[in-house]
Amino acid sequence: MSQDLRSYLDLVESKDELVRISAPVDPRHEVTALVAKLARERRRRPVLLLENVKGSALPVVTNLHASRRRMALAMNAEPRGVQQAFLKAMERPVAPVVVDTGPVKEVVRTGADVDLLALPQIVHHGADAGPYITAAISFAKDPEDGTWNCAYNRLMIMGKDRTSIHITASKHLWEFYQKAEARGEALPVAFAVGVHPAIGLGALAIGSIDEDERAIMGGILREPLELVRCETSDLLVPAHAEIVLEGEIVPGERTPEGPFSEFTGYSLGERQREVVRYNAVTMREGALFHDIAVAQVDHLLLSTIPMESNLYRAVRAIVPSVAAVRVPAPYSCYVAINQRVPGQAKNAILAVLGADMYIKRVVVVDHDVDIFDDREVAWALGTRCQADRDITVISNTRGSDLDPSTDSDGYTAKWGVDATAKPSLAEYTPRNRIPRDVLERIDLDKLGL
Ligand code: MN
């Protein structure tokens, strides 16, 4: 399987899912507006290749992940099988390999030649504080034990060689940075911008800090991810990336960051965040700049596939008869189980809340409820649930610092709802049933229907 963005774009274009736009596009709001308007008014979500973005020589690729079919294509799976394909990659990771060089080294700029202002300066929403790089995948190493981590981190461009960075408190990169900063040291970090979507999906894998996202990327690709050494640090980055930004998170410095309109659908205000200083930019010839269309399907689908896979894994560990898991909205999860004995629904709630820091509401239903239909979940909540018996609230936990409903940066309550039939589905009052023979007897054609 090819490991670069370009070969994937060729594949997508051959399936008529890529649209090239040669007319000039203003990076200030127009990129996001194009994606949003096309979805809203034409019900279309193609990949957009914007060939002429004002102020930069680099073309912009956006809306890359906005269809389940395209994500399936990137994983060599069927659209219905993406969750299982991701799970398989988690269970059978493939270790990366280091190669001598790769396309990302075709252009190398270091020191005073580093210029982030030459990149497309995309401002996504009205309230945003400035241009953001939204498709940057961080590659970093634990300064003490050398454990690797990859993650998406939003970067606000602040100058030729400076950005701020949003690091989610208590996640893995944050943990690395805590250790480096405590020693008064910078944390080297490199960002890949513009990669095959299998690499993007792998970066979003949720698991223990010692699970190597690079091996999950390899699991999805079904071959070792090829890595090259950075010019200015000993970090390793994808050899086939369009762009790599090499830098370090500065110790002891914070800067105002945001407002930035996030995947939640809200713009959170300015906060103090860490600063990255850049020492090198390496690129392919004719590099494509990848942008994620914030809060659009592009953004949401990309992150929910890895989340749902991890949650399925976590529930299955304690409730083997789990039927399905879905993340229908920010911070929410639906689980369907074939409950064998009472108590398993609550175990599923505990598994979900324990497995993903972001999830703060879980609804568990029986397997006869289709959790991909919101009305069926609402029906189960309405007809199988008693609030004073079936709701569990856990206070004072760590959640998402992007959740606007929390008082202070993600310190949050979580809740689970057991909407399964009690004492069991088999013993519950029966559902309406139309006799099968009557259904078969009725001939719609004969009745002219
Ligand atoms: Mn990690």
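Partly exposed, as used here, covers relative accessible areas between the buried range, under 20%, and the exposed range, over 50%. Arg-162 sits at 29% relative accessibility, so it counts as partly exposed. Keep in mind that this is a predicted model.

Now for what Arg-162 is up to. Its side chain meets that of Glu-253 in a salt bridge, at 3.2 Å from N to O. The two come from distant parts of the chain: Arg-162 belongs to strand β10 (residues 162–165), Glu-253 to strand β14 (residues 243–257), and they are 91 residues apart. Glu-253 is partly exposed too, because its relative accessibility is 26%.

In total, the structure holds 32 salt bridges. Here are some of them, including the one just described:

| Pair | N to O distance |
|---|---|
| Glu-253 and Arg-162 | 3.2 Å |
| Arg-389 and Asp-390 | 2.9 Å |
| Asp-390 and Lys-422 | 3.2 Å |

Asp-390 turns up twice, bridging to Arg-389 and to Lys-422. Is Asp-390 buried or exposed? It's buried, since its relative accessible area is just 3%. Arg-389, on the other hand, is partly exposed at 45% relative accessibility.

What does the bridge from Asp-390 to Lys-422 tie together? Asp-390 lies in helix α11 (residues 387–390), while Lys-422 is in the loop between β23 (411–418) and α12 (436–441), so the pair joins parts 32 residues apart in sequence.

Elsewhere on the list, there's a network: Asp-4, Arg-6, Glu-242 and Arg-284 are joined into one by salt bridges that share partners.

Note on methods:
Residues numbered from 1 in each chain as written. Predicted model: local features only at pLDDT ≥ 70, side-chain atom pairs only at ≥ 80, totals over all residues. Heavy atoms only, no water. Salt bridge = Lys/Arg side-chain N within 4 Å of Asp/Glu carboxyl O. Helix = DSSP H or I, 4+ residues; strand = E, 2+ residues; numbered from the N terminus. Buried < 20%, exposed > 50% of the residue type's maximum accessible area, 1.4 Å probe, protein only.
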